[in-house]
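Let's take a walk through this structure together, going from the way its chains meet down to single pairs of side chains. Keep the viewer open as you read, so that you can find each residue as it comes up.

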There are 2 protein chains.
Amino acid sequence: MKQKIRDFKKNQIIDEAIDLISNHGFHLTTMDKLCENLQVSKPFLYSYFDNKHALLIEIYDRMVAISSKGIEEILKDRDLPENKIRRIVGYLATINIEVQAISAIYMQEEKNLPEDKRQQLRQIERHLDDEFTKLIEAGVHEGIFEVENPRIATLSIFSMARWVHRWYRPDHLPAEIVASQIATYALNLLRYRQRPS
Amino acid sequence: MKQKIRDFKKNQIIDEAIDLISNHGFHLTTMDKLCENLQVSKPFLYSYFDNKHALLIEIYDRMVAISSKGIEEILKDRDLPENKIRRIVGYLATINIEVQAISAIYMQEEKNLPEDKRQQLRQIERHLDDEFTKLIEAGVHEGIFEVENPRIATLSIFSMARWVHRWYRPDHLPAEIVASQIATYALNLLRYRQRPS
């Protein structure tokens, strides 16, 4: 029970930090401002986070946890490369819309992370790039995709799926429809031809 | 002659500011640091820019000048929609690679601009989105493209072309090849079919 309450309070702090950082940027977000908005004391806040850098790292970890977990599950599944590609792109686009503020922070505040954390993120991204490129290569090999450079295709597809948070507005269309269209674009981009059934 | 020298010095300042802001972010970039790196006095620097916000605005104006000018020219040309799309995407991707540091600033420091400047940028982007969407609609009408939602397609294509600066490394491939591949992906995404000749 005690731990659950602590977790609940911690999440409240993180949510407020996400709100402040995504609206005003990391540098204009202060621990004082956080206390003020949350109506808590400084000792209370510092009992959870030593400084705002620790908070930023926590936000990045949260984003990585959300995105990597889902994608790793899809990668592990027994499924055709074209299905995995559709599912991964749809998943990435969906979370970038659903956690729009965290996505914006993820893409914009990287230079405020410590070097070892940045390295770790690059490694995670590179691993995902590699796995996705392999899916494209498999499809090219099987004759269902037609693309000159699978690595550039991967990076271009991820740009589409990751930056949707910048332009998505709820009055456009529901998130799942936009995400599914982007997943279709990814397959179009690869000149996907259905297998003969 | 005097004006030319002044312009030259001004450009030196802007180049240094681009370097500092893209590496350390707007908030850690100070007028003092700029003077130090350029080995100039504060009165000299202030005779060009009142403050670092003026410098940031100048960098945004530079990016808008580069991208809008080229794109407006392509839009005005008498050319088929598929050719205009290929040329616009190729152009956008190329400049995002060539002025990689300015592109990074453009996408990351917007929240440090005054509200009226942000509004102006949004207007310019929306105008371009509208014109590009019309090109897609024209192609759908002529039966050379097949896409459900031209607006979402536009935004997805621009994500690809605009975020290339984040992943492009010179050891990948030359800029013009990457840009031309991205332009091809844009047409693939629209399920482009060549006209009967």
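A good place to begin is where the two chains meet, keeping in mind that this is a predicted model. Chain B brings 36 residues to the contact, and chain A brings 36 residues as well. Together the two chains bury about 3,300 Å², and 56% of that area comes from carbon and sulfur atoms. If you would like to see where chain B puts its share, colour B:Lys111, B:Arg166 and B:Tyr185: these supply 21% of the area that chain B buries against chain A, more than any other three residues.

Now for the polar side of this interface. Four salt bridges are found across the boundary of chain B and chain A, along with 18 residue pairs in polar contact, where both partners have pLDDT 80 or more. One salt bridge to look up joins A:Arg166 to B:Glu110, with the closest N and O atoms 2.9 Å apart. Which parts of chain B face chain A? The elements that give two or more residues to this side of chain B are helix 1 (2-24), helix 6 (100-108), helix 7 (115-141), helix 8 (150-162), helix 9 (164-167) and helix 10 (175-189) of chain B. Sorted by class, the side of chain B that touches chain A holds 15 nonpolar, twelve polar and nine charged residues.

Let's step back and follow chain A on its own. Chain A contains ten helices and zero strands, and reading along the sequence gives the pattern α-α-α-α-α-α-α-α-α-α. Along its principal axes, the C-alpha trace of chain A spans about 65 × 40 × 35 Å.

Chain A is divided into domain 1 (1-50) and domain 2 (61-189). The C-alpha centres of domain 1 and domain 2 of chain A lie 29 Å apart. Where these domains touch, domain 1 of chain A gives nine residues and domain 2 of chain A gives six residues. The two domains bury about 620 Å² between them, with 63% of it on carbon and sulfur atoms. Here too a trio stands out: A:Ile18, A:Ser22 and A:Phe26 supply 58% of the area that domain 1 of chain A buries against domain 2 of chain A, more than any other three residues.

How many salt bridges cross the interface of domain 1 and domain 2 of chain A? There is one salt bridge across it, and you can find A:Arg62 paired with A:Asp15, the closest N and O atoms being 3.4 Å apart. The interface of these two domains of chain A also has four residue pairs in polar contact, both residues at pLDDT 80 or more. By class, the side of domain 1 of chain A that touches domain 2 of chain A has four nonpolar, four polar and one charged residues.

Next, the record. UniProt, in an unreviewed entry, places the feature "domain: HTH tetR-type" at residues 7-67 of chain A. That span of chain A is 77% helix and 0% strand, and its end C-alpha atoms lie 21 Å apart. The unreviewed UniProt entry also gives the annotation "DNA-binding region" for residues 30-49 of chain A. Over residues 30-49 of chain A, the chain is 65% helix and 0% strand, with end C-alpha atoms 12 Å apart.

To finish, search the whole structure for salt bridges, and 36 turn up over all chains. Among them is the pair of A:Arg122 and A:Glu110, whose side chains meet at 2.9 Å, N to O. A:Arg122 lies in helix 7 (residues 115-141) of chain A, while A:Glu110 lies in the loop between helix 6 (100-108) and helix 7 of chain A, so this pair ties together parts that are twelve residues apart in sequence.

Technical notes
Residues numbered from 1 in each chain as written. Chains lettered and ligands numbered in written order. Predicted model: local features only at pLDDT ≥ 70, side-chain atom pairs only at ≥ 80, totals over all residues. Heavy atoms only, no water. Contact = heavy atoms within 4.5 Å. Buried area = accessible area lost by both parts, 1.4 Å probe. Polar contact = N/O pair within 3.5 Å; in protein donor to acceptor, adjacent residues only side chain to side chain. Helix = DSSP H or I, 4+ residues; strand = E, 2+ residues; numbered from the N terminus. Nonpolar A, V, L, I, M, F, W, Y, C, P; charged D, E, K, R; others polar. Domains from an automatic or database assignment. UniProt positions renumbered as here; feature names shortened; annotations may be inferred.
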